[in-house]
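Please find below a few points for your consideration, set out in the order in which they may be checked. They concern the backbone, the cores, the domains and the second chain.

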Amino acid sequence: MSRIRSLAALAAIFVLGVFVAIPAHAEVRIDITRGQMKPLPIAIPDFAGNSPQDTRIGADISKVVSADLERSGLFKPVDPKAFIQSVASLQVQPRFPDWKAINAEALVQGKVETGADGRVRVEFRLWDVFNEAYMTGWTLSASPQDWRRLSHKVADAIYKRVTGEDGYFDTQIVYIAESGPKNDRKKRLSIMDQDGENHRFLTDGSELVLTPRFSPSSREITYLSYFKGVPRVYIFNLDTGRREALGNFPGMTFAPRFSPDGNKVIFSMAESGNTEIYEMNLLTRQKKQLTFNPAIDTAPRCHAPRRFGRAFAGRRFPGGRPHLGPQWPGSVVFPRVSVR
Amino acid sequence: MKLRFLSIFAAAALLAACESAPTDTGAKGGAGQTSPAATSGIVKGSKEDFVANVGDRVFFDFDKSSLRADAKATLDKQAAWLKAYPNYAMTVEGHADERGTREYNLALGEKRANAVAEYLKAAGVAAARVKTVSYGKERPVALGSNEAAWSQNRRGVTVLN
């Protein structure tokens with residue numbers, strides 16, 4: 001069994017967290033006595049290019065892919081100084097003995113080409129060195145300035161093929177950048193790639209901003225801003241750079257989340273000392289009150305998996321445990337949904 | 001290390017500033033008890049007068065938005081002063097200590113600001129003069145993570161506009 005396949009099997013076992021009993025009639029019996037987390041040695045030569053610009057992008061892509069995979073802890077990129085086969089000859093055909101000789105168990109072969117329209121076309125293939133077999137690959141094109149995203153997508157594809165789990169490299173992180181002393185804190189809505197690159201401040205720090213959340217498409221962010229001193233839920237569009245207040249409400253609106261289809265925002269509104277949860281349809285602009293209770297209803301764990309319903313942090317019962325709204329009878333396990 | 005030193009210095013400088021001239025950002029303890037030394041040189045009916053001689057803030061118990069007896073006493077004085085000087089509008093800020101989620105504390109701060117505003121209105125301050133805002137746990141005045149600091153941060157502050 002190749003290491004690649006065993007790593008995938010191992011990952012599956014970790015995910016399930018159980019040892020599946022092999023049926024009695026099985027011919028092969030595997031005793032797993034302990035986990036093995038030795039990272040997979042992978043060779044990631046520069047992606048080939050025919051022009052100086054393509055060659056440069058190709059080299060940059062291989063560096064980003066290497067860094068992504070290495071940081072995951074499941075891969076160990078082989079030092080390029082050890083490579084025997086050249087980038088140019090790899091384009092013709094991988095010479096697997098050359099890669100076996102340096103103990104690479106997987107090999108990434110890639111190419112960058114700028115088309116007449118100025119877009120770069122990136123092609124990659126993942127090879128199983130020991131079985132001399134093709135594992136996965138694709139071709140994608142994008143604007144040259146999006147080469148980092150393309151690199152992360154290559155890393156995602158490799159990660160998924162080897163571990164069986166979705167990669168997380170083509171991911172952005174939205175957060176509040178805080179600076180200054182605790183009693184005079186400057187807070188800015190900020191975004192960066194998962195590897196810390198492409199960092200941008202989206203607000204200038206002149207107003208207090210809190211609790212950003214991505215839309216499912218990751219192209220919009222909903223957050224709380226004290227613009228002009230009034231706390232309101234806003235939506236920031238990353239493509240247009242525009243932001244808008246979510247509706248016009250008499251009280252403070254806060255704690256926003258998008259619904260899984262991205263068409264609604266669930267949030268809290270506090271008015272006259274009472275906080276309730278509302279929902280606003282972004283297409284029809286209709287709002288709907290979801291809770292009716294003289295206690296603090298906030299922090300909706302919006303749209304958890306169906307059987308959990310919607311839940312929120314509340315004080316309706318002692319202890320502030322999350323509770324299901326009245327419209328959703330049933331039991332709730334702590335519905336913190338993790339979205340990759 | 002240098003950074004920490006700088007921030008200690010900044011905090012010290014801030015505290016020093018508060019000692020000499022109490023403002024609404026000051027962490028001066030107590031529910032605005034008048035100290036005779038602070039009254040000299042303050043124009044009656046000014047914002048400084050309100051802060052120094054009336055007390056601009058009241059404090060709350062943990063996770064509560066009900067007004068304590070000492071808070072009501074302060075608010076009675078505030079209402080009397082505000083009725084004597086009707087040219088001021090005000091924003092009542094509700095604050096919480098650092099425990100609990102940001103979102104829960106935003107709601108709690110709103111309850112506290114509302115409790116103060118309602119008390120002032122009931123005591124005769126015109127409703128149109130009173131606005132509220134909650135800062136949750138985002139704007140502490142005392143920096144420690146202990147009851148001494150928390151009790152200063154669980155507050156409702158009447159800020160004159």
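1. A residue is counted as buried if 20 or more other C-beta atoms lie within 10 Å of its own, as exposed if 12 or fewer do, and as partly exposed in between. The model is a predicted one, and the burial classes below should be read with that in mind.

2. T211(A) deserves a look, since it is not a glycine and yet has a positive phi of about 45°. T211(A) is placed within strand β10 of chain A, which covers residues 209-214. Because T211(A) has 20 C-beta neighbours inside 10 Å, it counts as buried, the cut-off for that class being 20 or more.

3. A positive phi also appears at E132(A), again not a glycine, where the value is about 50°. E132(A) belongs to the loop of chain A that lies between β5 (120-128) and β6 (133-142). Is E132(A) buried or exposed? Neither class applies, because 13 other C-beta atoms lie within 10 Å of E132(A), which makes this residue partly exposed.

4. Turning to the nonpolar cores, the largest of them has 36 residues, and the residues with the most contacts inside it are I42(A), I61(A), A106(A), V108(A) and I158(A). Two or more residues of this core come from each of β1 (40-43), α2 (52-71), α3 (87-92), β4 (106-114), β5 and α5 (147-163) of chain A. Which element gives the most to this core? That element is α5(A), with 8 residues. Separate from this core is a second one of 29 residues, and among its members are L189(A), F258(A), M269(A) and M280(A).

5. As for domains, the assignment divides chain A into domain 1, spanning 38-163, and domain 2, spanning 172-324. Taken over C-alpha atoms, the centres of domain 1 of chain A and domain 2 of chain A are separated by 39 Å.

6. Chain B contains 6 helices and 4 strands, and from the N terminus on its elements follow the order α-α-α-β-α-β-α-β-α-β. Chain B has 161 residues, of which 38% count as buried. When the contacts in chain B between residues at least 6 apart in sequence are considered, 69% of them join residues that are at least 24 apart.

Methods. Residues numbered from 1 in each chain as written. Chains lettered and ligands numbered in written order. Predicted model: local features only at pLDDT ≥ 70, side-chain atom pairs only at ≥ 80, totals over all residues. Core = buried A, V, L, I, M, F, W, Y, C linked by C-beta atoms within 7 Å. Contact = placed C-beta atoms within 7 Å. Domains from an automatic or database assignment.
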